[in-house]
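Welcome, and thanks for taking a look at this model. Please have the viewer open as you read.

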Amino acid sequence: GTVAYLGQWDSQRAGARLTVLSDAAPLADVVLPVTQPGSDRPLRGLLEVQSALTSVSSRHVHACVGNAELAARYVVRGTAVERAGTECGQYVRMNDVVYLAVRGKGRVAVIDGASGRVTRDLLLPGIPVAIAGS
């Protein structure tokens, strides 16, 4: 019932553009910004900004935008956007639990699918380059 599309970087509005189409909710089209600390200056350029996206059965969409030094993680519920954290990486979902292989760090964050909050960390001996579930 839900399809989400995350555009790489919307330079006109300074953010990644997330479009969510759902059978049960109106179209959501939002910009997910990442700004430099202490300023409103956004990160720009494909080398600086990377994005990831997943969804859970409650139709919440989890998205992150940024790089290893500076990132923002969001939960989108219909047209409501809530900033949920400051890290990005690759997502994998198993039931309503989301796992995030944190970019540039030796850990996987376990994220509650409903709230978007990190519930615990799985420490790794190295930096993860990919994550998958079954």
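The report below walks through the sheets, the disulfide, the salt bridges and a surface patch. Please keep in mind that this is a predicted model.

**Two sheets**

Let us start with the strands. One open sheet holds four strands in the order S4-S5-S6-S7, with antiparallel pairing. Strand S4 (50-55) and strand S7 (80-85) are its edges, each pairing on one side only. From one strand to the next, the twist averages 20°. Within this sheet, strand S6 (residues 71-77) pairs with S7 in the antiparallel sense over five bridges. If you want a place to zoom in, arginine 73 has glycine 85 in S7 as its bridge partner.

A further open sheet is built from four strands in the order S8-S9-S10-S11, and its pairing is antiparallel. Here S8 and S11 are the edge strands, each with pairing on one side only. Neighbouring strands of this sheet are turned by 25° against each other on average, direction ignored. S8 and strand S9 (residues 97-102) run antiparallel and are joined by six bridges. Methionine 94 stands opposite valine 97 in S9.

**The disulfide**

How many disulfides are there? The count comes to one. Cysteine 64 and cysteine 88 form this bond, with their sulfur atoms 2.1 Å apart. Cysteine 64 lies in strand S5 (residues 61-66) and cysteine 88 in the loop between S7 and strand S8 (89-94), so the pair ties together parts that are 24 residues apart in sequence. The torsion about the S-S bond is about 70°, so the disulfide is right-handed. Are its two ends buried or exposed? Cysteine 64 is buried at a relative accessible area of 0%, and cysteine 88 is buried at 2%.

**Salt bridges**

Side chains of opposite charge can pair when their charged atoms come close. A search of the whole structure finds five salt bridges, and the table lists some of them.

| Acidic residue | Basic residue | N to O distance |
|---|---|---|
| Glutamate 82 | Arginine 117 | 2.8 Å |
| Glutamate 87 | Lysine 105 | 3.4 Å |
| Aspartate 121 | Arginine 107 | 2.3 Å |

Take the pair of glutamate 82 and arginine 117. Glutamate 82 lies in strand S7 and arginine 117 in the loop between strand S10 (107-112) and S11, so this salt bridge ties together parts that are 35 residues apart in sequence. Glutamate 82 is partly exposed at 29% relative accessibility, and arginine 117 is partly exposed at 37%.

In the salt bridge of glutamate 87 with lysine 105, glutamate 87 sits in the loop between S7 and S8 and lysine 105 in the loop between S9 and S10, so parts 18 residues apart in sequence are tied together. Glutamate 87 is buried, with a relative accessible area of 15%, whereas lysine 105 is partly exposed at 35%.

Arginine 107 and aspartate 121 also meet in a salt bridge; arginine 107 is in strand S10 and aspartate 121 in strand S11, 14 residues apart. Arginine 107 is buried at 14% relative accessible area, while aspartate 121 is partly exposed at 40%. Salt bridges that share partners join Glu87, Lys105, Arg107 and Asp121 into one network.

**Leucines to visit last**

Leucine 124 is placed in the segment after strand S11 (118-123) and is partly exposed at 35% relative accessibility. Its C-alpha atom is 5.1 Å from that of arginine 107, 17 residues away along the chain.

Elsewhere, Val3, Leu21 and Leu27 make a nonpolar surface patch of about 290 Å². Leucine 21 belongs to strand S2 (residues 15-22) and is partly exposed, with a relative accessible area of 46%.

Methods: Residues numbered from 1 in each chain as written. Predicted model: local features only at pLDDT ≥ 70, side-chain atom pairs only at ≥ 80, totals over all residues. Heavy atoms only, no water. Pairing = 2+ DSSP bridges. Axes fitted to C-alpha atoms, helices over the stretch in contact; angles between N-to-C directions. Patch = residues over 30% accessible without salt bridge, like charges linked within 9 Å, V, L, I, M, F, W, Y side chains within 5 Å. Areas by Shrake-Rupley, 256 points an atom, 1.4 Å probe, with all protein chains shown as cover. Salt bridge = Lys/Arg side-chain N within 4 Å of Asp/Glu carboxyl O. Buried < 20%, exposed > 50% of the residue type's maximum accessible area, 1.4 Å probe, protein only. Disulfide = S-S within 2.5 Å.
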